[in-house]
Amino acid sequence: MRPRDNLAYAWQTLRSQPMRSALMMLAMAIGVGSVVVLTALGEGARRYVLDQFSSLGTHLLIVIPGRAETSGGTPGVLSGVTPRDLTLDDAAAVARSRQVARVAPLNVGAAQVSHGARGREAVILGSTAEFLHIRHMRLAAGRFLPPGDPAHAASVCVLGAKMRSELFGAAPVLGAWLRIGDRRFRVIGVLAPQGQQMGFNTDETVVIPVAAAQQLFDTPSLFRIMVEARGRDSVERAKIDIGEILKARHEGEEDVTVVTQDAILSTFDRILGALTLAVAGIAAISLSVAGILIMNVMLISVAQRRSEIGLLKAIGATPATIRRLFFTEAALLSLIGSLLGWLLGWLASLGITWLYPTLHATPPLWAVLAALGMALGMGIVFSLLPARRAARLDAALALARR
Amino acid sequence: MIRLEAVERIFHVGDEAVHALRGVDLHIEAGSYISIMGPSGSGKSTLLNVLGLLDRPSTGHYHLDGRDVTGLSDEETAAVRRDKVGFVFQFFHLIPRLTAAANIALPMTLAGIAPAQRQVRVAELLHDFGLEARADHRPAELSGGQLQRVAIARAVALNPSVVLADEPTGNLDRATGRDVLALLEELNRRGTTLVIVTHDQEIGARAQRRIVMEDGRIISDQSG
Ligand SMILES: Nc1ncnc2c1ncn2[C@@H]1O[C@H](COP(=O)(O)OP(=O)(O)OP(=O)(O)O)[C@@H](O)[C@H]1O
Ligand SMILES: [Mg+2]
């Protein structure tokens, strides 16, 4: 039988049972579609997180008090020794390293911020003038924290964009006074809106001098020291340098962790990559269910078409020809079904991206190829048994009954 | 030319062995016209299936056109069936989703004959069997007589040397049955060997050679 005739025959068979064929294609399509959508979501999340980190600059290092058990990860598990606090002097020492361009000490806390009758709870960032550059933030109005001695607790603050509109509305804000906790601060600047970044929304924060934050939260220590290396190449050397400087200052104890952007990136990359893979695996199960469904329906079809198969044999079809006919039918089903699923998944991904523009839910190529390949493979593998059964059918017996 | 030697066909149903054919010896000259009659269950269809290589003898030998075809593989018997045998059945066995023309073309399609060549042959057959007006009709839209004519056209599409018909008129009224029989006899006049299984005495009597079976044996074989 010519391949074209084979295809035409199989196609005609599928068309003669539109409901059956449509349902099997749908099962295949749902399997493939869910792999595509779920991996698109996973991939979107991964890219979103990576973009967030990249927006912070690529030669950023973060010094965290305490020693992480594993290198390269965000410190979650700390060793038994109570770590020594990071101090402003530590930050100043780090700043003297030749690998380091800028240093910004950081303190974080929550406090009630109020202006007149309006007030709200907000995240307070205590830092220095350098913070603006290290975090790649921009100002919408006024000035940022003044440079100078970080230990000087000037009563000035810079508002996030949303804080400004919530507390002041349309009223002029520069030079106005507001209350943070039990202290009064004068507004000297407003940040340009920039949305979510690294887990907290800078639009909803207030930045004050680090020393003021230490007083406000009554702590002599720092939450983090943010460090910008001189360049991409000096990141690793800066990391070693910082480690040695702080070890020397902390009486030989290695009680800080220096995290580089790359390390954080690769950790998240790994976590989200694994997540995407797991989700793809779950979706793939629905694919194999579709494959088994196809096998079942094909087996039923062989039973129903006994007399047709018997006839084909009587008029000279070889077992190989009959095998190929059934095989082609299953392959067509899974091919059309999986292409349909790919289309569905792709449309759904577009829909998600349209609803949540920050999440670029694009299915990764490997997932699309794997889903299509697996769907075809399933269709083919699961058609082998029905095809073989058809080819082995006893023609005389099949034709004897009506 | 067909030669069966001591052919037995035994079916095993559960523990029981059913002898559908017992020691059948049969010699059929090319171009003959043979009828096979006998009571139900006497083995007529089984004999026809063996002759058409749809079934294999349990023991004994089968020579077709000088070749021993008893031990051929499934692929080989399919090729022999395609090249030498045409089947006509009581229940027509047309593919319902294909048109009359496509049903007639099916043996050629399966044999891998080019579409252009198929078309020529199908047109010829539609003409010969008076089916030109029905070429694009599906089986559900055809009468019994038309269905059987399509089936006969299909059986002879590849110019077989033997046509085996198992009660070809069994599902038709008398007049239509006679028309169908006339078509088959016309094939025989042109040189095709014709073997007809029938319950109809009148039809059976028309053949040059009349075989009667009973309980898996040939009990009577008359010529002339
Ligand atoms: N596939 C089979 N399995 C078991 N027994 C079978 C099979 N085919 C035929 N038989 C038995 O073999 C015997 C001969 O059957 P066959 O169909 O050849 O009879 P027949 O002469 O064609 O009868 P009828 O006139 O009713 O068509 C019967 O007893 C039948 O039951
Ligand atoms: Mg019979």
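**Strand pairing and helix packing in chains A and B**

In β9 of chain B, the bridge partner of B:S35 is B:R210. The model is predicted. B:S35 belongs to strand β3 (residues 33-37) of chain B, which is joined to strand β9 (residues 209-214) by four bridges. These two strands run parallel.

Both strands sit within an open sheet of six strands in chain B. The strand order is β6-β7-β8-β3-β9-β10, and the pairing is mixed. The edges are formed by β6 (85-88) and β10 (217-223) of chain B, each of which pairs on one side only. On average, neighbouring strands of this sheet are turned by 15 degrees against each other, direction ignored.

Two helices of chain B pack on this sheet. Helix α1 (residues 44-51) touches β3, β6, β7 (162-166), β8 (193-197) and β9 of chain B. The direction of α1 makes about 155 degrees with that of β7(B). Helix α2 (residues 74-84) of chain B touches β6 and β7. The direction of α2 makes about 80 degrees with that of β6(B).

In chain A, strand β1 (residues 60-65) pairs with two strands, β11 and β12. Four bridges join β1(A) to β11 (residues 224-229) of chain A. Five bridges join β1(A) to β12 (residues 256-260) of chain A. The strands run antiparallel in the pairing with β11(A) and also in the pairing with β12(A). A:I62 has A:M226 as its bridge partner in β11(A). A:P65 is partnered by A:V256 in β12(A). Five of the six residues of β1(A) are buried, so this strand is largely enclosed by the rest of the structure.

How values were computed: Residues numbered from 1 in each chain as written. Chains lettered and ligands numbered in written order. Predicted model: local features only at pLDDT ≥ 70, side-chain atom pairs only at ≥ 80, totals over all residues. Heavy atoms only, no water. Buried < 20%, exposed > 50% of the residue type's maximum accessible area, 1.4 Å probe, protein only. Pairing = 2+ DSSP bridges. Axes fitted to C-alpha atoms, helices over the stretch in contact; angles between N-to-C directions. Contact = heavy atoms within 4.5 Å.
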